[in-house]
Amino acid sequence: MKIMVAIKRVIDYAVKIRVKPDKSGVETNNVKMSMNPFCEIALEEALRIKESGLASEVIAVSMGPTQVVDTIRTGLAMGADRAIHVDYPGTLYPLSVAKILKALVEIEKPGLIFLGKQAIDDDCNQTGQMIAGLLKWPQGTFASKVVLDKEKQTAVVDREVDGGLETLCLDLPAVITADLRLNQPRYATLPNIMKAKSKVIKKLTPEDLKVEIKSDIEVVKVTEPPKRKTGVLVSSVDELIDKLKNEARVV
Amino acid sequence: LSTLVLAEHEGGSIKASSISAVEAAKSIGNENSVSLLLAGSGPSLKEAAEHAASCHPSISQVLVAESDNFTYPLAEPWAKLIHVVHQKGDYSHIIAASGSFGKNIVPRAAALLDISPVTDVTEISDSNIFVRPIYAGNALCTVRYTGSSPCMLTVRSTSFSVASTSADSNSKPASIDQVDLSNFSEDDAVGKSRYIKLSSQETERPDLGNARVVITGGRALKSAENFKMIEKLAEKLGAAVGATRAAVDAGYVPNDLQVGQTGKIVAPELYMAFGVSGAIQHIAGMRDAKVIVAVNKDADAPIFQVADYGLVGDLFEVIPELLEKLPDKK
């Protein structure tokens, strides 16, 4: 069984983002970019499944401008066997990403697709659910544990839901999106980074895949969130209780 | 305008977050007829439908889908159901609260309809213009939906709080109609996912997402045993208990108490954070609280930048003193 993992290049999670003065978006020039942390977790899970002998190959896929190749190399250095880069210079919304993934699935025929539950830039939390819907595959979103049964061709997935942990059994092929606690992703070692340089990255375009990119969402503006008014430091518990009772009137 | 609100129900009543989604539907426009869709099986569904009919004056119709396919809220049959119901109703908008239920189902249903949904809406400016946080709430993005109908949204329930007067007993209850499922031809994916179980912590404390007061502990609590101090204080104030990702990862409390970008988003009247440093992803989950109190030994902790009242001190001294001096609010 092949596993396909979709990975996204985003502004590094530790960077404090800046909104552009013209409100057109967030500054990405000269900003450190990394693999979306949830995608790292998704890739790690796929690699562990392969290492346990339940999968034969892990294919990392990403889409976007030329620079996403850097992120793909990181994925290959973590241990993906090969990769596909779908080259597209513009903005891609989750629906287009899902359509491109669907086209790639038809070529590669994986038994499992892993994605991060969301990207930390646009926070959409949509692509995994959409690709599952388009393929008519079952979905296990927000996964914190995945157990495969090769014989029965199923995946038992623990999902982090509002009320606790939900356990589902999915028939393969299936789509699984990774939540934070699924695993602790590995770091790429130097030898593996060197090895990754010789791994194959196949380059395709949406036209090659016969996917028409359209967008039904238009960004009007991006702004800073309203600032909270500056608070005060109190010096004692008594003063705090007094403020809460008589000023804020919340206790 | 006509809006379909996807509702979650539990124990025979509609969840508060789904009623907030109705409130959001109301703000789309004046001439908006709102239908509520619920699905399930068994006697609790009937009870929930009756509650739905009178839970918000803006609801004009309650649609009930009864089938064993909907005993548990699985995405595969739900997405198909939305497709079927939309074919008949031709809605301008389809909305759900952006909890794990809505986020799981809405994008799948949207893909079946070839629609781009808008996630986590916090403000509705016009019937097709919405504001949503991006980068963990460090920026706000205003988007215009330019596609064909339905426009599909998940909305933050904390941004659309329901006025208490809206549960007006004088208003006429909405009509209850069964969804015709005879055309619910088994989609290829229905049945490919099966519910096994839900493990949850039984608690008498108020629900974290809707509590008036939230008391949160961070890693500085140092152990699950010490975390009980937070629970005691919460009990005294009739509050819900929250935790940071660090406290959850350290095993002091279960996952579902995590407040933050990847946990619960809360907006209580009072939020008290003890031993919380104030990581960006945590602040994203509580920045809309009306009053924020922070207690931390480290005067430079970023949490003080968002706190209305900060107290630099040792939580192991402060909490017992609060327990002694605060009035009971059970």
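1. Let's start where the two chains share strands. Strand β13 (residues 232-234) of chain A is joined by three bridges to strand β18 (residues 309-312) of chain B, and the two run parallel. If you want a pair of residues to click on, A:Val234 sits opposite B:Leu311 in β18(B). Bear in mind while looking that this is a predicted model.

2. There is a second place where strands from both chains meet. Here you'll find an open sheet of four strands, ordered β12(A)-β10(B)-β9(B)-β8(B), and the pairing is antiparallel. Its edges are β12 (217-223) of chain A and β8 (123-126) of chain B, each of which pairs on one side only. On average, neighbouring strands in this sheet are turned by 30 degrees against each other, ignoring direction.

3. Staying inside that sheet, have a look at the antiparallel pair formed by β9 (residues 129-134) and β10 (residues 139-145), both of chain B: six bridges join them. B:Pro133 has B:Leu140 in β10(B) as its bridge partner.

4. Now for the contact between the chains as a whole. It brings together 68 residues of chain B and 60 residues of chain A. Which element gives the most to chain B's side? That would be helix α4 (residues 100-112) of chain B, with eight residues. By class, the side of chain B that touches chain A comes out at 35 nonpolar, 17 polar and 16 charged residues.

5. Don't mix that helix up with its namesake in chain A. Helix α4 (residues 127-135) of chain A has nine of its nine residues buried, so the rest of the structure largely encloses it. Among the buried residues are A:Gln129, A:Met130, A:Ile131 and A:Leu134. Right after α4(A) comes A:Lys136, which has a positive phi, near 60 degrees; worth a glance in your backbone plot.

6. On annotation: an unreviewed UniProt entry puts the feature "domain: Electron transfer flavoprotein alpha/beta-subunit N-terminal" at residues 23-213 of chain A. In the model, that span is 30% helix and 30% strand, and its end C-alpha atoms lie 25 Å apart.

7. Last, the layout of chain B. How is this chain divided? Into domain 1 (2-178) and domain 2 (213-325). Taken over C-alpha atoms, the centres of domain 1 and domain 2 of chain B are separated by 31 Å. Their contact takes five residues from domain 1 and nine residues from domain 2. On the domain 1 side, those residues split into one nonpolar, three polar and one charged.

Key. Residues are numbered from 1 along each chain as its sequence is written. Chains are lettered from A and ligands numbered from 1 in the order in which they are written. This is a predicted model: local features need pLDDT of at least 70, side-chain atom pairs count only at pLDDT 80 or more; totals for chains, interfaces and linings use all residues. Two strands pair if DSSP finds at least two bridges between them. Axes are lines fitted to C-alpha atoms, for helices over the stretch in contact, and angles run from 0 to 180 degrees between N-to-C directions. A residue is buried if 20 or more other C-beta atoms lie within 10 Å of its own, exposed if 12 or fewer, and partly exposed in between; C-beta atoms are placed from the backbone. UniProt positions are given in the numbering used here, feature names are shortened, and annotations may be inferred rather than shown by experiment. Two residues are in contact if their C-beta atoms, placed from the backbone, lie within 7 Å. Ala, Val, Leu, Ile, Met, Phe, Trp, Tyr, Cys and Pro count as nonpolar, Asp, Glu, Lys and Arg as charged, and the others, Gly among them, as polar. Domain bounds come from an automatic or database domain assignment.
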